[in-house]
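Dear colleague,

I am passing on the structure we spoke about, together with some notes on what was found in it. Please have the sequence and the model open while you read.

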Amino acid sequence: MPTNVSDTNQSERANETTAPPTRKKVKPKRPPKELPWVIPVNCEGCADCVNRCPQGILVMTETNVPGIFVPWLYETESCTGCGKCTGGCVMGAIVMTSYVDMAKERFRDQKPTIKTD
Ligand code: SF4
Ligand code: SF4
């Protein structure tokens, strides 16, 4: 069983915060040197990262495990790479990576997945 499935309140809390906070986005002045990288298996779905993003571009998204939500970035071009989303994650489930193109591709082409076997 994935580690975060054991938190029975996970989906309830995530459902409350599925929509990101409405914030006025600023256009990044230059391409970010880093982008967030989400590690779904470590995530407990508290949505702190979603609420910390000044751009409001992280969205709690359902994984392949029904009812389990993790943050996912849909507007990669609006990410400034500020790293504020990673600041409050005590689970180490969202970190910054310098592999910007790889992170963009992953957010664009994949859905968050938790290995279940
Ligand atoms: S990545 Fe961390 S801060 Fe964000 S929802 Fe998961 S546990 Fe919470
Ligand atoms: S790095 Fe900054 S702009 Fe990008 S998702 Fe995290 S908090 Fe939002």
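Which residues in the largest nonpolar core touch the most other members? Before the answer, please keep in mind that this is a predicted model, with an average pLDDT of 86 over the protein chain and 82% of the residues scoring at least 70. The part to read with most reserve is perhaps residues 1-9, where pLDDT stays under 50 and for which the model has 16 contacts beyond four places in sequence.

The core in question has 24 residues, and those that touch the most other members are V38, C49, V50, C53, L58, L73 and I94. The elements that give two or more residues to this core are β1 (35-38), α2 (48-52), β2 (58-62), β3 (69-73) and α4 (100-109), and β3 gives the most, with four residues.

As for the overall layout, the protein chain holds four helices and four strands, which follow one another from the N terminus in the order α-β-α-β-β-α-β-α. Of its 117 residues, 32% count as buried, and among the contacts with a separation of 6 or more, 78% are made by residues 24 or more positions apart.

The strand β3 deserves a closer look. Five of the five residues of β3 are buried, so this strand is largely enclosed by the rest of the structure. F69, P71 and L73 point one way from β3 while V70 and W72 point the other way, and all of them are buried. The partner of β3 is β2, with which it pairs in the antiparallel sense over five bridges; within this pairing, E62 stands opposite F69. The two strands form a hairpin with six residues between them, and in the turn G67 has a positive phi of about 85°.

A second positive phi belongs to A47, where the value is near 70° although the residue is not glycine. Most residues other than glycine have a negative phi, so you may wish to look at this place in the model. A47 lies in the loop between β1 and α2, and it counts as buried because 23 C-beta neighbours lie inside 10 Å, where 20 or more are required.

Two ligands come with the model, and I describe their surroundings in turn. Around ligand 1 there are 14 residues, of which C43, C46, C49, C89 and A93 come nearest. By class, this shell has ten nonpolar, two polar and two charged residues, and α2 and β3 each supply at least two of its residues. Ligand 2 is also surrounded by 14 residues, the closest being C53, C79, C82, K84 and C85, and here the division is eight nonpolar, four polar and two charged. Two of the cysteines named here appeared earlier: C49 and C53 are among the core residues that touch the most other members.

Finally, is K27 buried or exposed? K27 is found in the loop between α1 (10-16) and β1, and it is exposed, because 8 other C-beta atoms lie within 10 Å, and a residue with 12 or fewer counts as exposed. The C-alpha atom of K27 is nevertheless separated by 6.1 Å from that of S78, a residue 51 positions away along the chain.

With best wishes

Methods:
Residues are numbered from 1 along each chain as its sequence is written. Chains are lettered from A and ligands numbered from 1 in the order in which they are written. This is a predicted model: local features need pLDDT of at least 70, side-chain atom pairs count only at pLDDT 80 or more; totals for chains, interfaces and linings use all residues. A nonpolar core is a set of buried Ala, Val, Leu, Ile, Met, Phe, Trp, Tyr and Cys residues joined through C-beta atoms within 7 Å. A residue is near a molecule or strand if its C-beta atom, placed from the backbone, lies within 6 Å of it. Ala, Val, Leu, Ile, Met, Phe, Trp, Tyr, Cys and Pro count as nonpolar, Asp, Glu, Lys and Arg as charged, and the others, Gly among them, as polar. Two residues are in contact if their C-beta atoms, placed from the backbone, lie within 7 Å. pLDDT is the predictor's confidence in each residue, from 0 to 100. Two strands pair if DSSP finds at least two bridges between them.
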